[in-house]
Amino acid sequence: MSARGRLITLEGGEGAGKSTQATTVVDWLQGRGRRVLRTREPGGSPLAEAIRALVLGQWDEGVTPATELLLMFAARAAHVAATIEPALARGEDVVCDRFVDASWAYQGAGRGLDAGVLKTLETLVLGRLRPDLVLLFDLPPDMGLERARRRGEDNRFEAEDLAFMTRVRQGYLARADADADRYALIDAATGPDEVGAAVCRVLEQRL
């Protein structure tokens, strides 16, 4: 039986460059003979991708914080069951662009939803599953929003204001401070090559 794989997640605010650096992580792991599955949240399975469209869409009636949170965890439940857990059981490493920390940062710190509710949903959906390593890409929120807007992508989160993204950043940093063994803080304000080099250094040290 294959040894269980490792779950490595990439987190950060809008424009932090997570998608670019996910390729760096995958290449690093594959270069060491690991089998790797790359995925993302919200999304990562057919059902979860359908929910992603609901989460990121612009709706005339608006999306309440509670609705947003429940959709995120519904997508996560499908993703974990259909994609993540089977891959880990096969011995594959899973590299995921956003995971549960995003809910704590965006819906918790950003939207102000109760930590007890978040914890209950986390336990219900994930059980004992938690990332083995969280790469947190940190940069000033104004820089991140400018990068995101230059990309021209249109979703509700990239349309949020600076105050919201500042709360998101603080939420992420609080999570990292509380569990330094599982989190690695990476300065994402530099160029892609510098960030990629920092990612590789972290992987060498932690994995």
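**Helix crossing and core around strand E4**

Modeller: In this predicted model, helix H6 passes helix H7 in a right-handed crossing.

Biologist: At roughly what angle do the axes of H6 and H7 cross?

Modeller: The axes of H6 (residues 141-151) and H7 (residues 162-178) cross at roughly 115 degrees and come within 9 Å.

Biologist: Which residues meet there?

Modeller: From H6, Pro141, Asp142 and Leu145 meet Leu162, Met165, Thr166 and Arg169 of H7. The residues of this contact comprise four nonpolar, one polar and two charged.

Biologist: Turning to the interior, how many residues has the largest nonpolar core?

Modeller: That core has 22 residues, and Val25, Val95, Leu135, Phe137, Ile186 and Val199 have the most contacts inside it. Strands E1 (7-12), E4 (133-138) and E5 (183-187) each give two or more residues to this core, as do helices H1 (18-30) and H8 (192-206). A second, separate core has 20 residues, including Leu136 and Phe164.

Biologist: Why is E4 largely enclosed by the rest of the structure?

Modeller: Six of the six residues of E4 are buried, so the strand is largely enclosed. Leu133, Leu135 and Phe137 point one way from E4, while Val134, Leu136 and Asp138 point the other way.

Biologist: In what sense do E1 and E4 pair?

Modeller: E1 and E4 pair in the parallel sense over five bridges, with Leu136 as the bridge partner of Glu11. E4 and E5 also pair in the parallel sense, over five bridges.

Biologist: What stands opposite Leu135 in E5?

Modeller: Ala184 stands opposite Leu135. Leu135 also touches other residues, among them Ile8, Leu10, Val25, Ile186 and Val202.

Notes. Residues numbered from 1 in each chain as written. Predicted model: local features only at pLDDT ≥ 70, side-chain atom pairs only at ≥ 80, totals over all residues. Heavy atoms only, no water. Axes fitted to C-alpha atoms, helices over the stretch in contact; angles between N-to-C directions. Helix = DSSP H or I, 4+ residues; strand = E, 2+ residues; numbered from the N terminus. Left-handed = near helix turned anticlockwise from the far one by under 90°. Contact = heavy atoms within 4.5 Å. Nonpolar A, V, L, I, M, F, W, Y, C, P; charged D, E, K, R; others polar. Core = buried A, V, L, I, M, F, W, Y, C linked by side-chain atoms within 4.5 Å. Buried < 20%, exposed > 50% of the residue type's maximum accessible area, 1.4 Å probe, protein only. Pairing = 2+ DSSP bridges. Lists of a residue's contacts leave out its neighbours within four places in sequence.
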